[in-house]
Amino acid sequence: MRCRDGAVETVEESRSTSVRLELLVDGRYSTHATTDLRDGPLDAFVGEAVALTRLLEVDPHRRPTPEALWRDRREIDLDLVDPRVDAISNEDRIAACRSIEEGARSGADVLGVTTWASDGRVTTARVSSDGFSGTRTCTSASLGTQVGVADEGGKRPEGYRFCSATHLADLMDAGEVGRVALARTLAKLGARKSASARATLVLAPEAGGGFLRRPLGALHASAIQQRSSFLADRMGEPVSSPLLRIVDEPHRPRSLASRLYDGDGMTTRERTIVDDGVLRSFYVDVYYGSKLGLEPTTTGSTNTVFQGGEGDLESLTREVADGFLVRGWLGGNANATTGDFSFGFHGHRITGGRIDAPVAEMNVTGNYREVLPRLVAVGADPDPWSTFRTPTLVFEGVDFSGA
């Protein structure tokens, strides 16, 4: 459900069922999908898929997931289902949107508020001809808003807040969602470019994912095989300062990314990605593992957790004499092959340990190979509603371009 300025704008409800078929026929591989699950059409779909697969070239690296990679799966209760989600009505969603808007309009002249509330239940099943079978059911509920206010020069800064959880009890209070979005918006009033400088970069927890997902994407076996990873040759070597410790935790209770098996059916396990700054693991699926001659590990990340931090945004900022606090991104790009990056951002100047004037229309640039070793502080304050749980992060000697 989506509401704008107190009025319901969009109500959508959908139910769908589909089948995805992966075939390996005489060394030839293909995938197919259909939403027509009637017996007759489904039989025809399978027959046609097999016939089409026989026309393809043989791919020697396509093979079933070895049994040793899935046979020992533990049946852990990840607590991913909240029965209360199924009982949510449109009246409940409207009430949540109204509470969000009340919070977003508290104590300020707001130009516009868009709110949304959504929820659902998804069940997936995976079955293979060699004996693998597994199911996963997960409920979810989400609240969010975008708030706009008037600023000088006709500018209309906007701020947002979004949270999502498997259980209703774990969601942020609806009114607080609106109040946080309003505070983020008001913090942008009067934002201007600041002078270009080499200074300390402080990443707020909500901005850390946008910065660090890029280098972690270079850890996938597909990127390594296609020579588009600047970390391909760094296994067992330092890639950051010793403060960085990243662990993938697939069995974290009540998390939207938790799972007992991955996209290849491989049993998931806790896996250290970076330990004391040293790269310890790639994301290796069965197919690209065969191409690279590497043992498969997992098809991708689940809950990315930054361990070992201390303090929070407020306490870590007090230690910064000269820098920029980045709260969000305004576009940009990163080259996974070289590690170069350039991102537009909004946030604040930091002077003498104090969060100072808001800044915008600035860029932070550099290369991950050089910037990650400059990590000097890691907080213990990740966003509890994110599966990419970045806390406050502080890097020294980063280049900022502005006025």
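In this predicted model, Trp-70 is buried, its relative accessibility being 5%. Phe-132 is likewise classed as buried, with a relative accessible area of 2%. Across the structure, 17 aromatic pairs are found. One of them joins Trp-70 and Phe-132 in an edge-to-face arrangement, with the ring centres 5.6 Å apart and the planes at 90° to each other. This contact brings together distant parts of the chain, since Trp-70 belongs to the loop between H1 and H2, whereas Phe-132 belongs to the loop between strand S5 (110-127) and strand S6 (133-149). The two residues of this pair are 62 residues apart.

The ring of Phe-132 also takes part in a contact with a charged side chain. The charged end of Arg-126 is placed over this ring, at 5.9 Å from its centre. A further contact of this kind involves Arg-349, which lies over the face of Phe-324 at a distance of 4.2 Å from the ring centre. Elsewhere, seven aromatic residues are grouped in one cluster, made up of Phe-211, Phe-230, Trp-329, Phe-341, Phe-343, Tyr-368 and Phe-395.

Charged pairs were examined next. Side chains of opposite charge can pair when their charged atoms come close. The model contains 28 salt bridges. In one of these, the side chains of Arg-54 and Asp-26 meet at an N to O distance of 2.9 Å. The pair connects distant parts of the chain, 28 residues apart. Arg-54 is found in the loop between helix H1 (39-53) and helix H2 (83-86), and Asp-26 in the loop between strand S3 (19-25) and strand S4 (28-34). With a relative accessibility of 47%, Arg-54 is partly exposed. Asp-26, by contrast, reaches a relative accessible area of 56% and is classed as exposed, because the class of exposed residues begins over 50%.

A second salt bridge lies within a helix. Arg-179 is bridged to Glu-176, with 3.1 Å between the closest N and O atoms. Both residues belong to helix H4 (residues 174-186), and because they are three residues apart, about one helical turn separates them. Arg-179 is partly exposed at a relative accessible area of 39%, and Glu-176 is partly exposed at 32%.

The side chains of Asp-356 and Arg-354 form another salt bridge, at 3.4 Å from N to O. Here Asp-356 has a relative accessible area of 28% and is partly exposed. Arg-354 is also partly exposed, at a relative accessibility of 49%. In addition to these pairs, a network of salt bridges links Arg-2, Arg-4 and Glu-9.

The interior was then searched for enclosed space. Rolling a probe the size of a water molecule over the atoms shows where empty space is left. Three cavities of 30 Å³ or more were counted. The volume of the largest cavity is about 130 Å³. Its lining comprises 14 residues, with Arg-184, Ala-187, Lys-188, Arg-327 and His-346 lying nearest the centre of the cavity. At least two lining residues come from each of strand S7 (158-165), strand S14 (340-351) and strand S15 (354-367). The lining of the largest cavity is mixed in class, with five nonpolar, four polar and five charged residues.

The second largest cavity encloses about 90 Å³ of space. Its lining is formed by Leu-212, Pro-215, Leu-216, Leu-219, Leu-231, Val-239, Leu-244, Ile-246, Val-274 and Leu-372. By class, this lining consists of ten nonpolar residues, with no polar and no charged residues. Helix H5 (residues 205-217) makes the greatest contribution to the lining of the second largest cavity, supplying three residues.

Leu-216, one of the residues that line the second largest cavity, is located in helix H5. Leu-216 is buried, with a relative accessible area of 11%, because this value falls under 20%. Between Leu-216 and Asp-233, the separation is 17 residues in sequence and 14 Å in space, taken from C-alpha to C-alpha.

Methods. Residues are numbered from 1 along each chain as its sequence is written. This is a predicted model: local features need pLDDT of at least 70, side-chain atom pairs count only at pLDDT 80 or more; totals for chains, interfaces and linings use all residues. Side-chain values use heavy atoms; hydrogens and water are left out. A salt bridge is a side-chain nitrogen of Lys or Arg within 4 Å of a carboxyl oxygen of Asp or Glu. Helices (H or I, at least four residues) and strands (E, at least two) are DSSP runs, numbered from the N terminus. Buried means under 20% relative accessible area, exposed over 50%, partly exposed in between (1.4 Å probe, protein chains only). Rings of Phe, Tyr and Trp (its six-membered ring) pair if their centres lie within 6.5 Å; planes under 30 degrees apart count as stacked, over 60 as edge-to-face and the rest as tilted. A charge sits over a ring if NZ of Lys or CZ of Arg is within 6 Å of the ring centre and within 35 degrees of the ring normal. On a 1 Å grid over the protein atoms alone, a cavity is a set of points where a 1.4 Å probe fits but cannot get out, and a pocket is an open set with protein on both sides within 12 Å along at least five of seven lines; lining residues have an atom within 4 Å of a point. Grid points are joined across faces, edges and corners, and a volume is the space filled by probe spheres set on the points. Ala, Val, Leu, Ile, Met, Phe, Trp, Tyr, Cys and Pro count as nonpolar, Asp, Glu, Lys and Arg as charged, and the others, Gly among them, as polar.
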